[in-house]
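User: I am new to this structure and should like a close look at a single part of it. Please set out your answer as one connected account.
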Amino acid sequence: MTTSKIEHIVIVGGGTAGWMTAAAMANRLPQSLCRITLIESDAIGTVGVGESTIPHIRQFNETLGIDEATFVKETHATLKLGIKFNDWGKIGDSYFHPFGEHGEITQGIDFHQYWLKARKLGEPYGLEQYSLAAMAAFAGKFPLSTQHKPTVFADYTYSYHIDASAYAVFLRDYAVQRGVKRVEGKVVEVKQHANKFIQSITLENGETISADLFIDCSGFRALLIDKTLKTPYLDWSHWLPTDSAVAVPCERTANLQPYTQATARVSGWQWQIPLQHRIGNGHVFTSAFTSEQQATDILLSSLPGKALAEPKVLRFKAGRRQYSWQKNCVAIGLSSGFLEPLESTSIYLIQLGVSKLLELFPDKHFRQAEIDEYNRSISQQYELIRNFIILHFHVTTRNDSPFWDYCGNMAIPDELQHLLSLFAESGRTDIGQFGVWPAVCIGQNIIPKYYDARLDNITEDQISGLMTDQRSKIAAMTHTFPQANDYIAELLARGIP
């Protein structure tokens, strides 16, 4: 008796994308009903430098039943409360983009609206002074209260800095223990049915593997979605012109800060990501405006510790596949698209691709309506994140180099221009953007002309009292928090042996 259900899934490529996909599917799909095979080659390297994450990774780990202490130990993780941006709006500026809202949401009005009115009344404190996450991060502390008891600031959350290669190995062990079969080898041929659906792949050793559903996690090589199915790539490099990065780890410093640092440079920007055993560093740059040697020199001259390896250079082009799902092939990770790494969304986009595939999991009929919905949803998220990243580069008064001249004067997507105009006028944001727009826009010197008119019902004394109360609460709470390093030490002490 024939069946229409998917009986065999083949994942081409390992790394973070491949093993996140395999682990999630092993967790959600019964092994007795669906076989999962992952093919990877030890001879093919992975990018492996994306070590900063956003809070969604915690949800992914929780869904898989992964204990935080074990995860932290296995991936050499440290805590991340947000990103500190240096020299973006103009040289000498610094601001913090926290995970979560600023202050309390009072009477249904976003807190930054209160700050805008207070500012017009002479408020001397910056917006980040009203962020529990920012104040904890600057003190090197971790806000346990957001996890263990409700508070007026309970919207705050956190993420991790991780060793992405170690995370892939950790998830590989998780997946294999749950029935995923790992096959070592290079793909040398892909066969298709008459309708262009993928039929099988052949490895270098001559082995042929057939499947119902193929998942392309082969990174920039995009063996299936591009090389086989010829799916077009939408080039966004005119909006995100950085196309290269040089990365190098260095010795860790004594006190690891619970945040990522992103420092703008003359033709790009530099990251600093603290791990337990080292600090990850990289310089993202635009080859049209600077050379690889110049970028490397800038990076090596600004390391916080001794370099632990030779610099590694990466090349990329911002954009996405026109369709992430074509026929019986789904591209996840870099084979699906690449966005400038500024806001640490690479692992999130992998997670999104996997979860959406499981939500719309097909049978052998591969109904086009489900494929279309998957592609619509993934495209929407890529474009939302793309626009947010463009915002950082475009909203600047820097004119000290051709790179910043280009970014400040380039035409931007219409939807981004609309949101920028909306915020500049009234401080209002797309509801789906949560607290991120106020942090970045105000941090890069877009101060809205007007505040929410409803606040005219509140007196100057009430506004002043509210702001003082908010700062006092944050200071008192921050004082009680443990050091972030101590929290990591505690997790390691009760983690796996």
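What is the relative accessible area of Arg 376? Please describe its surroundings as well.

Analyst: The relative accessible area of Arg 376 is 43%, which makes the residue partly exposed; this class lies between buried, under 20%, and exposed, over 50%, as found with a 1.4 Å probe on protein chains only. The model is a predicted one, in which local features need pLDDT of at least 70 and side-chain atom pairs count only at pLDDT 80 or more, whereas totals for chains, interfaces and linings use all residues. Residues are numbered from 1 along each chain as its sequence is written, and side-chain values use heavy atoms, with hydrogens and water left out.

Arg 376 has a charged partner, Glu 373, with which it forms a salt bridge whose closest N and O atoms are 2.8 Å apart. The term requires a side-chain nitrogen of Lys or Arg within 4 Å of a carboxyl oxygen of Asp or Glu. Both residues belong to helix H11 (residues 368-394), and because they are three residues apart there, about one helical turn separates them. Helices here are DSSP runs of H or I with at least four residues, strands are runs of E with at least two, and both are numbered from the N terminus. Glu 373 is likewise partly exposed, at 28% relative accessibility.

Glu 373 also touches Lys 356 and Leu 360, if residues up to four places away in sequence are not counted; contact means heavy atoms within 4.5 Å. Towards the end of the helix lies Phe 393, 20 residues from Glu 373 along the chain, and the C-alpha atoms of these residues are separated by 31 Å.

Helix H11 also packs against another helix. Two packed helices are described by the angle between their axes and by the distance between the axes. For H11 and H13, the axes come within 10 Å and cross at roughly 60°; axes are lines fitted to C-alpha atoms, for helices over the stretch in contact, and angles run from 0 to 180 degrees between N-to-C directions. The crossing of H11 and H13 is right-handed, that is, the near helix is turned clockwise from the far one by less than a right angle, an anticlockwise turn being left-handed. On the H11 side the contact involves Arg 386, Asn 387, Ile 390, Leu 391 and His 394, which meet Glu 415, Leu 416 and Leu 420 of H13. These residues divide into four nonpolar, two polar and two charged. In this scheme Ala, Val, Leu, Ile, Met, Phe, Trp, Tyr, Cys and Pro are nonpolar, Asp, Glu, Lys and Arg are charged, and the others, Gly among them, are polar.

Helix H13 leads on to helix H4 (residues 111-120), for H13 (414-426) is among the elements that cover the buried residues of H4, together with H14 (436-443) and H15 (460-480). Eight of the ten residues of H4 are buried, including Phe 111, Trp 115 and Lys 117. Just after H4, Gly 122 adopts a positive phi of about 105°.

A further helix pair offers a comparison. Helix H1 (residues 15-28) packs with helix H10 (residues 346-359) at an angle of about 35°, and their axes are 10 Å apart. This crossing, too, is right-handed. Among the residues in contact are Ala 17, Met 20 and Ala 24 of H1, with Ile 350, Val 354 and Leu 357 of H10. The contact of H1 with H10 comprises nine nonpolar residues, three polar and one charged.

The bridge of Arg 376 may finally be set beside others, as the structure counts 24 salt bridges. One of them joins Asp 226 and Arg 321, at 3.9 Å from N to O. Since Asp 226 is in helix H8 (residues 223-228) and Arg 321 in strand E18 (residues 319-321), this pair ties together parts that are 95 residues apart in sequence. Asp 226 is partly exposed at 24%, while Arg 321 is buried at 7%. Another bridge links Lys 90 to Asp 93 at 3.1 Å, N to O; Lys 90 is partly exposed at 38%, and Asp 93 is buried at 15%.
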